[in-house]
Amino acid sequence: MTVLVTGGAGYIGSHMVLALTDAGEDVVVLDNLTTGFSWAIAPQAKLIEGDIADEALVELIIKENNVNSVVHFAGSIVVPDSVTDPLGYYLNNTVKSRALMAAVVKAGVKNFIFSSTAAVYGNPESMPVFETATPLPISPYGTSKLMTELMLRDSHFAYGLNYVALRYFNVAGADPKGRSGQSTPRATHLIKVACQTVLGQRPSMDVFGTDYETPDGTCLRDYIHVSDLIAAHMDALAHLRRGGESGIFNCGYGKGYSVLEVIAAVANAAGKPVNHKLSPRRPGDPAGIVAGADKVREILGWKPKHADLDFIVASALAWEKHLERRNATI
Ligand code: UFG
């Protein structure tokens with residue numbers, strides 16, 4: 001029985017492939033390598049280069065590899081890009097997910113894990129935000145993922161496709177064994193940008209918005225270590241395999257840090273200041289978002305191990321140094 005991982009060459013997907021192969025699972029990765037890297041895929045996994053919307057290909061992969069579960073990461077992930085290119089985001093995240101699901105349903109696979117996002121909540125009315133809150137995304141990115149969640153809900157009832165949608169909060173950090181990390185060029189995510197800045201790869205960085213209604217005026221986010229996030233996927237897979245109910249689960253620790261607190265943590269880890277300037281707000285950003293994360297613990301049995309901003313930042317910085325050495329030798 002094989003697990004098909006879409007987007008397995010990307011940041012989060014490659015960590016999933018490592019966890020699955022570490023657990024002795026057979027894995028096939030489907031990735032078009034537009035933002036992912038084949039070197040990021042654990043050597044025990046098989047890579048098929050192709051598009052998730054190629055239904056014939058997906059059906060063939062499922063049949064040839066005896067796939068019984070799909071974990072779907074492939075998609076576009078940059079909130080501000082979705083504001084300037086909404087149709088591109090609806091294509092990659094919604095339309096292509098629909099095609100993938102059609103092939104999965106046709107091939108008779110029953111277990112589907114989906115990489116969703118806290119961006120479906122938009123600006124929540126109260127914090128922490130629980131899964132029962134009405135989703136009101138404020139970016140096309142959030143809407144594009146919410147539409148896929150809805151397709152999964154309806155496909156569950158119509159075709160018996162069992163699913164878990166995990167709403168990620170702010171994922172950061174790298175594999176503690178140093179085998180993978182966030183490698184995308186032109187990164188926009190805060191912790192990676194701050195690590196690159198403190199290492200001198202960027203002259204300075206922006207703090208987007210200092211007039212939010214938060215304690216220090218900068219945005220609050222719930223940062224979760226990528227290995228803990230992947231542990232939730234492994235728990236979700238076990239849950240579906242034992243016939244657990246389909247559903248949606250927040251993945252975060254339930255604690256928010258401001259942009260300035262994150263920058264201070266990076267400075268602390270590096271032992272030097274991070275050059276930054278205070279800049280206007282970035283479009284599409286909610287002021288604050290922190291997970292109500294009881295459900296994932298209670299139902300999936302999730303037990304996070306790295307709920308510590310300093311640990312997250314230290315592992316992200318170690319990975320950035322690794323990439324720096326690697327690029328210097330290419
Ligand atoms: N930020 C800066 N400067 C930067 C980069 C980011 O100030 O150079 C700020 C942003 O404005 C935001 C915060 O840092 O306030 C976090 O921004 P990221 O770009 O790191 O992440 P987002 O919160 O925009 O989005 C991420 C994921 C989404 C997920 C969301 C959930 O990309 O998939 O977290 O909160 F939905």
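Biologist: Which element gives the most to the shell around the ligand in this predicted model?

Modeller: That is β8, with 4 residues. Strand β8 spans 205-208, and it stands beside α6 (190-198) as an element that gives two or more residues to the shell.

Biologist: What makes a residue part of that shell?

Modeller: A residue counts as near the ligand if one of its heavy atoms lies within 4 Å of it. The shell holds 22 residues, and the closest are Thr117, Asn170, His189, Asp206 and Asp285.

Biologist: Why is the pair between Asn170 and the ligand called a polar contact?

Modeller: A polar contact is a pair of N or O atoms within 3.5 Å. A polar side-chain atom of Asn170 lies 2.6 Å from an oxygen atom of the ligand, so the pair falls within the cut-off. Tyr141 passes too, because its polar side-chain atom lies 2.8 Å from a ligand oxygen.

Biologist: And what about Ile77, where does its backbone stand?

Modeller: A backbone N or O atom of Ile77 lies 3.5 Å from an oxygen atom of the ligand. As for cover, the protein takes up 93% of the 680 Å² of accessible area that the ligand has on its own.

Biologist: How do the residues of the shell divide into nonpolar, polar and charged?

Modeller: There are 14 nonpolar, 4 polar and 4 charged residues. Domain 1 (2-172 + 222-251) and domain 2 (190-221 + 254-325) each provide at least three residues of the shell.

Biologist: Now the second largest pocket: what is its volume, and which residues are the closest to its centre?

Modeller: Its volume is about 400 Å³. Of its 19 lining residues, Ala19, Ser227, Ile230, Ala231 and Lys305 are the closest to the centre.

Biologist: What makes a residue count as lining there?

Modeller: It needs an atom within 4 Å of a point of the pocket. Helix α7 (226-241) gives the most, with 6 residues, and α1 (11-22) supplies at least two. The lining divides into 7 nonpolar, 4 polar and 8 charged residues, and at least three come from each of domain 1 and domain 2.

Biologist: How do you know that the bond from Met127 to Pro128 is cis?

Modeller: Its omega is near 0 degrees. Pro128 is found in the loop between β5 (111-117) and α5 (140-159).

Biologist: What makes Asn66 worth a look?

Modeller: Its phi is near 55 degrees, a positive value in a residue other than glycine. Most residues other than glycine have a negative phi. Asn66 lies in the loop between α2 (55-65) and β4 (67-72).

Key
Residues are numbered from 1 along each chain as its sequence is written. This is a predicted model: local features need pLDDT of at least 70, side-chain atom pairs count only at pLDDT 80 or more; totals for chains, interfaces and linings use all residues. Side-chain values use heavy atoms; hydrogens and water are left out. A polar contact is a pair of N or O atoms within 3.5 Å; within protein, one must be able to donate a hydrogen and the other to accept it, and residues adjacent in sequence count only if both atoms are side-chain atoms. Accessible areas come from the Shrake-Rupley method with a 1.4 Å probe; for residues, only the protein chains shown count as cover. Ala, Val, Leu, Ile, Met, Phe, Trp, Tyr, Cys and Pro count as nonpolar, Asp, Glu, Lys and Arg as charged, and the others, Gly among them, as polar. Domain bounds come from an automatic or database domain assignment. On a 1 Å grid over the protein atoms alone, a cavity is a set of points where a 1.4 Å probe fits but cannot get out, and a pocket is an open set with protein on both sides within 12 Å along at least five of seven lines; lining residues have an atom within 4 Å of a point. Grid points are joined across faces, edges and corners, and a volume is the space filled by probe spheres set on the points.
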